[in-house]
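User: I've got a model open and I'd like to talk through how its pieces fit together. Can we go over it in a few quick questions?

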Amino acid sequence: MLGDYEKLKKDIMSLTTVDLNAYKEKQMKRRIDSLIVRNNISSYDEYVKVLKEKGDLFNEFMNYFTINVSEFFRNPLQWDIFDKQVIAEIKEKGTLPKIWSAACSTGDEPYTIVMILSKYFDLKKIKILATDIDKTILEKAQIGLYSEKSVKNVPKEFLNKFFTKNGDFYQISDEIKNCVEFKLGDLLKDEYPKDKDIIVCRNVLIYFTEEAKDEIYKRFNKSLKKEGVLFVGNTEQLISASEFNFEPIKTFFYRKLSI
Ligand SMILES: C[S@@+](CC[C@H](N)C(=O)[O-])C[C@H]1O[C@@H](n2cnc3c(N)ncnc32)[C@H](O)[C@@H]1O
């Protein structure tokens, strides 16, 4: 027993502004407890004290609780639908879609989007928004160096065109990087951008409570233009899409109802 978890949540809130109440409690507590024990710390109060004093442990906490696992073209079949249906429909209009990758982690997701867009639009004109709560992960995203595992689903022609092999790693090109604007953003409390054609938010909503998720769906709906599309992760289907003013267009894809 490490102490009072309710108090820890309050301390973390004042230290990091992160609201742990919005994350599924059992899972989050288990993760935080194991991190604390791994650091040979015996109570929440002591942990909070070292978080205040040691920047490296603070960064470790932010990194660990946020779960940053990502990869390019994660669940390739869904990216195929994104390309052949969602983007195909928009490109008919001839205007560049306004896209937001929400909770973008190490950049694999927004860079995947840019590579797909590059098939239809001039790379020099593409600009998409990518946000995440974790400052360190955004710095990594901007560096753009990836392991073999991260790029395993990247189609050969993109790998050859947009990456340079650097030892065991793959460096993404500046022409792709320049198309993404990375910004710090907490989905639970920061303002959402407006007038988006597409919001890609994958593999983060699973960590939130039902109440937090519902609020986010409502806010995503407001952020989208009329008939805009929300693309969610593999285990994150909306049970009652119409409640949030969405209609399903394909599994994992929802269109804002035009009302
Ligand atoms: C598992 S990764 C998903 C990355 C990417 N979307 C994908 O599907 O590969 C989850 C990301 O959500 C971010 N995250 C967690 N809580 C967040 C919040 N409240 N606001 C914004 N991002 C958050 C984490 O920092 C992490 O980078």
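Analyst: Here is a short back-and-forth on helix packing, domains and a sheet; bear in mind that the model is predicted.

User: How do the axes of H5 and H6 lie to each other: roughly parallel, roughly perpendicular or oblique?
Analyst: The axes of H5 (residues 76-93) and H6 (residues 108-117) come within 11 Å and cross at roughly 45 degrees. Angles under 35 degrees count as roughly parallel, and 65 to 115 as roughly perpendicular. That angle fits neither range, so the two helices are oblique.

User: Which class do the residues of the contact of H5 with H6 divide into, and how many are in each?
Analyst: On the H5 side you have Trp79, Phe82, Asp83 and Ile87, and H6 brings Thr112, Ile116 and Leu117. Sorted by class, they come out as five nonpolar, one polar and one charged.

User: What distance separates the centres of domain 1 and domain 2?
Analyst: The domain assignment puts domain 1 at 5-66 and domain 2 at 76-256. Eight residues from domain 1 and nine residues from domain 2 make the contact. Taken over C-alpha atoms, the centres are separated by 28 Å.

User: Which strands are the edge strands of the open sheet of three strands?
Analyst: The order is E3-E5-E4, with antiparallel pairing. An edge strand pairs on one side only, and that holds for E3 (145-147) and E4 (163-166).

User: Which residue in E5 stands opposite Thr164?
Analyst: E4 pairs with E5 (residues 169-172) in the antiparallel sense, over four bridges. Opposite Thr164, E5 places Gln171.

Conventions:
Residues are numbered from 1 along each chain as its sequence is written. This is a predicted model: local features need pLDDT of at least 70, side-chain atom pairs count only at pLDDT 80 or more; totals for chains, interfaces and linings use all residues. Axes are lines fitted to C-alpha atoms, for helices over the stretch in contact, and angles run from 0 to 180 degrees between N-to-C directions. Angles under 35 degrees count as roughly parallel, over 145 as roughly antiparallel, 65 to 115 as roughly perpendicular and the rest as oblique. Two residues are in contact if their C-beta atoms, placed from the backbone, lie within 7 Å. Ala, Val, Leu, Ile, Met, Phe, Trp, Tyr, Cys and Pro count as nonpolar, Asp, Glu, Lys and Arg as charged, and the others, Gly among them, as polar. Domain bounds come from an automatic or database domain assignment. Two strands pair if DSSP finds at least two bridges between them.
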